[in-house]
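Morning, everyone. Let's take a quick look at some strands and how they pair. Please have the picture up in front of you.

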Amino acid sequence: MSPTTTVDVVGTPLDRVDGRLKVMGAATYPIDVILPGLVYAVLVPSTVPSGRIRHITVDAAERAPGVLAVITHVNAPPLAHGPVTEIGPQPLPPFQSDAVLHYGQHVAMVVAETREQANAAAALVEVTYHPDTPVLSFDDPRASRISHAWTPDYKRGDVPSALAAADVQVSHTYTTAANTNNPIGLFATVAAWDGDTLTVHDTTQYPHAVRDSLAAAFGIHPAGVRVLVPFVGGAFGAGLRVWPHTTLAALAARVTRRPVKLVLTRAQMFTSVGHRPNTVQQLSLGASRDGQLTAIEHVSTSSIGMADELINLITYGTVHAYACPSVSTRATQIRQSIPIPGWMRAPGEAEGSFAMESAIDELSCALGMDPIELRVKNHAHVHPASSLPWSSNALLECYRQGAKRFGWSTRIAEPRSMRSGGQLVGYGVARGALGAYQPPCKAIASIHRDGTAFVRSGATDIGPGPYTVMTMLAADCLGMPVEHVRFGLGDSTMPKAPQEGGSGLTGALGNAVHATCVSLVRAFVNLVHDDEGSPLKGCRLEGITVRNGGIQITDDPAGFETYADILTRHGLDELTIEGESAPPGETSSATMIVQSGRFIPFTPPSTGARAHAGGYAAHFVEVHVDPDLGTVRVARVVSAIDGGRILNPKTARSQIIGGIAMGIGMALLEETVLDRTGRLATTSLAEYVVAANADVRDVDVLFVGEPDSMTPLGTKGVGELAITGMAAAIANAVYHATGTRVRSLPISIEKVLGQESGSSLEAVPATTASA
Ligand code: MOS
């Protein structure tokens with residue numbers, strides 16, 4: 001290897017840098033935090049879904065052994081509502097009135113020396129209610145309907161006329177069940193006050209939002225709150241909002257003047273940290289006889305909490321899904337007496353794509369056209385609303401390569417025509433897509449005299465692998481081996497990072513880390529600019545290669561010096577630079593692409609010249625359906641993914657497998673059920689069934705596509721991409737296997753057998769395949 005050749009670690013399947021800690025049990029999650037003098041808070045949930053608290057009797061609980069405090073709305077101080085973040089408003093603060101808005105709402109909190117004592121005393125708290133009739137149906141005349149400013153109605157062309165004039169029209173109602181995020185790790189908060197400063201270990205995807213929300217609640221400066229979460233565990237969106245229990249843990253610590261740990265129970269996880277709301281969606285398509293889409297109408301209604309604001313993205317992906325001249329969408333939320341919905345992997349886009357991609361399959365049947373051919377024919381070669389070319393779009397390659405890998409050409413179009421042993425075999429396909437998203441992000445990077453680097457940002461890692469991928473990026477940008485680079489996150493005293501959500505963190509944080517590391521190298525270049533003692537004197541960023549923990553003059557094998565030597569000669573212990581990402585399509589002074597240690601100026605397409613594209617997927621699914629029992633097995637999945645530049649194919653692949661697993665759960669298993677009285681019927685993983693290893697069989701992931709042109713890093717979000725379209729691909733495969741079109745998730749045995757009764761979960765009778 002020539003002295004100026006380096007090999008990038010980015011793009012290689014590096015093992016997780018935190019993997020060893022995790023498997024050794026040495027990674028510290030919020031639930032693991034133990035502090036001297038720690039006491040325990042336990043929450044008492046409402047047993048009614050709607051009404052007012054009449055009376056809370058706390059005497060027996062207060063007298064119980066070990067009890068330090070019993071806190072209710074009667075004795076709680078006023079707690080201010082936290083600020084709105086870029087992902088919307090927070091839920092209302094707890095214990096501020098006697099109103100009960102949902103089953104499981106926290107109505108009292110017991111703090112005791114041990115968790116057992118707190119549990120025992122919590123059972124002694126007696127709450128009586130003035131119950132109201134809960135609002136549990138979209139048809140309830142008392143239900144208020146809201147159209148959110150974040151999801152305005154959308155219109156292009158004249159949809160009613162285009163639908164009426166269409167040669168072929170497909171119009172159906174699709175429903176999706178409420179789903180609940182079920183990370184195995186229970187959400188926990190450990191809070192400790194020192195005078196007027198608060199330290200909180202919290203299961204969150206957004207430490208800075210927790211900081212700001214707690215500061216608002218307790219009327220202190222945000223700098224007085226430190227939020228720590230070096231390891232989150234899973235969250236899937238449940239950690240995006242600042243939930244009441246986090247505030248209550250801090251309140252318990254303030255009242256008792258002791259550090260407090262609060263851990264939600266599994267049942268409380270279903271009522272306290274959000275869920276994917278149920279939806280009813282009307283999807284109408286119009287097309288010409290040869291399969292050209294002429295109209296798309298997508299009208300969704302979904303649940304929202306009684307006094308909550310949550311951004312609704314159900315119709316978001318429909319606007320630019322296909323090249324179609326006439327499109328209209330409307331998304332309405334209906335207030336229900338239900339545990340507050342929140343975000344769950346690809347919120348809205350997972351549900352919306354089920355309706356859209358099922359309808360496209362139905363249209364292909366009505367036209368007698370191959371479903372891939374139909375999608376290819378209507379591919380949006382440019383952004384359908386703005387007509388701008390995409391910043392990147394490899395969806396056609398996803399269809400082509402995915403179909404080839406899957407063996408789509410062996411599919412016999414007629415439903416019920418393929419069998420294996422006694423099983424009906426079905427092949428299904430669907431398009432997946434996730435909108436582009438890259439919020440602002442900052443980072444800070446240091447190189448120390450011992451030759452190591454420490455790069456950090458107040459982000460989180462819920463599993464996708466920022467620890468690993470940011471270490472790799474920094475190593476390449478600085479020309480250091482990964483073993484000499486440490487990446488830190490999960491601390492609100494670090495520079496502000498956005499939430500790990502919207503699949504935007506790799507782009508946001510990656511571009512910030514990249515820009516910050518480039519600035520750090522530039523700072524070293526500046527340091528040696530007039531340095532007579534350095535072989536690098538007068539070098540420029542464009543003329544160097546970073547490698548072996550230092551800087552090499554690219555054309556001069558003798559011109560090399562390590563960062564450590566530069567620091568030593570200048571009497572410095574370290575050099576530290578703070579930086580931030582440039583927004584997509586823009587540049588800052590540090591906007592360069594680092595490739596094999598070289599710094600190459602980066603120029604994005606000029607603003608307004610390109611539409612910023614998100615990720616794309618083509619999912620291919622083989623299901624096996626037992627014709628007698630109606631059981632559905634996903635035997636095989638091939639997903640071809642356009643995720644832009646893939647920084648680590650191993651961690652990226654894991655994210656896709658995770659999204660597919662959750663898509664299988666959404667399609668076949670997961671359903672959060674409230675009974676007729678508004679109480680939660682699914683309170684454990686025995687009643688709420690998620691996909692387990694046995695449900696996720698042969699999964700093949702192909703990465704297709706090129707770096708996106710909008711940012712130096714060229715990444716696109718993949719964390720949520722794989723669940724979009726996945727449920728539709730399975731439903732389409734079930735139709736192909738059985739001839740039964742199930743338009744209601746989950747696809748239960750009853751629906752497959754066409755024996756479901758009841759209105760909301762009605763199975764649609766089998767229809768014939770093609771015209
Ligand atoms: Mo995801 S629902 O943006 O954590």
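Which residue in β15 does L285 stand opposite? Find the two and check. L285 faces I296 in β15. One caution before we go on: this is a predicted model.

Now zoom out to the two strands around that pair. Strand β14 covers residues 279–287, and its pairing with β15 is antiparallel, over 9 bridges. Together β14 and β15 form a hairpin, with 5 residues between the strands. Look at G291 in that hairpin. G291 has a positive phi, near 95 degrees.

Next, the other partner. β15 also connects to strand β16, residues 326–335. Here the strands run parallel, and 10 bridges join them. Want one bridge to look for? Take S303: its partner in β16 is I334.

So where does β15 sit, buried or exposed? Strand β15 spans residues 293–304, 12 residues in total, and 9 of them are buried. Buried here means under 20% relative accessible area. With that count, β15 is largely enclosed by the rest of the structure.

A general point on strands. In a regular strand, side chains alternate between the two faces of the sheet.

Last stop: an open sheet. This one has 3 strands, in the order β4-β2-β6, and the pairing is antiparallel. Its edge strands are β4, at 99–100, and β6, at 126–131, and each of them pairs on one side only. Strand β2, residues 51–57, pairs with β4 over 2 bridges. In one of those bridges, R52 has A99 of β4 as its partner.

That's my tour. Over to you.

Terms used. Residues numbered from 1 in each chain as written. Predicted model: local features only at pLDDT ≥ 70, side-chain atom pairs only at ≥ 80, totals over all residues. Heavy atoms only, no water. Buried < 20%, exposed > 50% of the residue type's maximum accessible area, 1.4 Å probe, protein only. Helix = DSSP H or I, 4+ residues; strand = E, 2+ residues; numbered from the N terminus. Pairing = 2+ DSSP bridges.
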